[in-house]
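Let's take a walk through this protein together, one stop at a time. Have a look at the sequence and the model first, and then we'll start with the charged side chains.

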Amino acid sequence: MRPIPEHPDPHTFYRPEGFDGRRDYAVPAGYHVIAEDAFARCPYEHIHIPWTVTQIKSGAFGPCPRLQRITVDPLNPVYTAKDGILYERWTHTLCYCPPCIERVKVPRHIRCIGHSAFRYSDSLREITLPDRLREIRPFAFDHCTALQEIRFPAHIREIWGTAFSHSGLTHLELPPVRCINIAAFAGCKELESVTVAEGTQLIDRLAFNNCTALRHVTLPESVAVIDAGAFGLDTALTDLLIRRHVRVHDSALRSVAGIRMEWNGRVYDFDPGDVPMHILRERIAGELYDEMTDSMLTAMLHAGHRGAAEWIRQHRHRRDYIENRITAGDVPTVELLMTYPGLFDKTNIDRCIQRAIDERQYEIQVMLTRCKHKMLSLQNTAADDLRL
């Protein structure tokens, strides 16, 4: 809950003065703005908006767990209400739905689901979106844990970041939006499968991060980039096809259960903790590694595929790529080196430590020193026991 400013605006409603057991509350006429968190954790079941209010800031009503309906003075020039749900007239936006409502059919003229419109609506089980809907804004369905299914209109243009984070969705068929934005579906613990339509180009950072039940993902050929952490921590994910032209961020696949890669018309399977390189070499054609991009190799390492680590260790130009990432201050890459201590030799690590000292990257220096000690403790261990 935000504190009331030391010098409050007399035209802004910040918070009811006290709770006296009433179930209904009417914002006094004369206020023009309702501030963020104005009704956070209030016990009211009904809130009335006067005609003078022309701006309601996002998050003004949440979380307000007992709220069942909102009403608006008919003379209000900006806002209106229908079936207890708050709308903005001229922008055709659904602004806020009380969390006690279980089923919603959004009117056909609505073009936008507003910021935090259904946030913490843990009773919402069913929603019907109109064909004219164009965008869903941040946190719109955040923590809607009872919402298991949703059908998106075909011509929606934008699903903003965090729009469905921590929701209860189980299966997704996404329309052809250009980008699946930052953390749009992060933390959806019940999500099992995702199908993305042709036309989507970018899977942005953390888009499906920490979706621990996610097993199957179907991406179209139009996807060109999978950004940092997009499928990170999706520990059940085994069915994900990465095509040759896709640029994959290093940490995009961290801790996934497995991936498939399309290369020169063939598909190769990689499981976490893959077999040592001499066996892996027998399974796949040599041209796969000859043409593998730096970012793809590092992504495989982050996902736990030891065969890629062994290959990088034997190809100096790839080791130079990893070394440059480390000396640029990339902490995840240093963590990667600590996971695979046989990736570099003592000379490589000493050079990285000296460069870290020169660049005053003391955190990197400490981590590399620990890695060096770990490597030295294994110096009498056979190469096959390094578990690369």
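Which residues are linked in a network of salt bridges? They are Glu102, Arg103 and Glu126. Keep in mind as you look at them that this is a predicted model.

Let's zoom in on one part of that network. Side chains of opposite charge can pair when their charged atoms come close. Here, glutamate 102 and arginine 103 meet through their side chains in a salt bridge, with 3.5 Å from N to O. How open are these two to the outside? Glutamate 102 has a relative accessible area of 37%, so it counts as partly exposed. Arginine 103 comes in at 54%, and because the cut-off for exposed is over 50%, arginine 103 counts as exposed.

The structure holds seven salt bridges, so let's visit a couple of others. One of them joins the side chains of arginine 119 and aspartate 142, at 2.8 Å from N to O. Arginine 119 sits in the loop between E11 and strand E12 (126-128), while aspartate 142 sits in the loop between strand E13 (135-136) and strand E14 (158-159), so this pair ties together parts that are 23 residues apart in sequence. The two partners have their own settings: arginine 119 is partly exposed, at 27% relative accessibility, whereas aspartate 142 is buried, at 1%. Another salt bridge brings together the side chains of glutamate 135 and arginine 137, this time at 3.4 Å from N to O. Arginine 137 is partly exposed, with 32% relative accessibility.

Now for some charges on the surface. Arg108, Arg111, Arg132 and Arg157 form a positive surface patch. To find one of its members, go to the loop between strand E10 (103-105) and strand E11 (112-113), where you'll meet arginine 108. Its relative accessible area is 63%, so arginine 108 is exposed.

Next, let's turn to side chains that reach for the backbone. Threonine 52 belongs to the loop between strand E4 (46-49) and strand E5 (55-56). A polar atom of the threonine 52 side chain lies 2.8 Å from the backbone oxygen of tyrosine 31. Is threonine 52 buried or exposed? It has 11% relative accessibility, so threonine 52 counts as buried.

Asparagine 76 is worth a stop too. You'll find asparagine 76 in the loop between strand E6 (69-72) and strand E7 (79-82). Its side chain has a polar atom 2.8 Å from the backbone nitrogen of valine 78. Asparagine 76 has a relative accessibility of 1%, so it is buried.

Our last stop is about backbone angles. Most residues other than glycine have a negative phi. Which way does asparagine 210 go, positive or negative? Its phi is positive, near 60 degrees, and asparagine 210 is not a glycine. You can spot asparagine 210 in the loop between strand E18 (202-203) and strand E19 (216-218), where it is partly exposed at 24% relative accessibility.

Arginine 360 also has a positive phi, about 60 degrees, although it isn't a glycine. Look for arginine 360 in the loop between helix H7 (346-358) and helix H8 (362-377). With a relative accessible area of 65%, arginine 360 is exposed.

How values were computed. Residues are numbered from 1 along each chain as its sequence is written. This is a predicted model: local features need pLDDT of at least 70, side-chain atom pairs count only at pLDDT 80 or more; totals for chains, interfaces and linings use all residues. Side-chain values use heavy atoms; hydrogens and water are left out. Patches are made of residues with over 30% relative accessible area and no salt bridge: like charges are joined within 9 Å, nonpolar side chains (Val, Leu, Ile, Met, Phe, Trp, Tyr) within 5 Å. Accessible areas come from the Shrake-Rupley method with a 1.4 Å probe; for residues, only the protein chains shown count as cover. A salt bridge is a side-chain nitrogen of Lys or Arg within 4 Å of a carboxyl oxygen of Asp or Glu. Lys and Arg count as positive and Asp and Glu as negative; His and the chain ends are not counted. The place of a charge is taken as NZ of Lys, CZ of Arg, CG of Asp or CD of Glu. Helices (H or I, at least four residues) and strands (E, at least two) are DSSP runs, numbered from the N terminus. Buried means under 20% relative accessible area, exposed over 50%, partly exposed in between (1.4 Å probe, protein chains only). A polar contact is a pair of N or O atoms within 3.5 Å; within protein, one must be able to donate a hydrogen and the other to accept it, and residues adjacent in sequence count only if both atoms are side-chain atoms.
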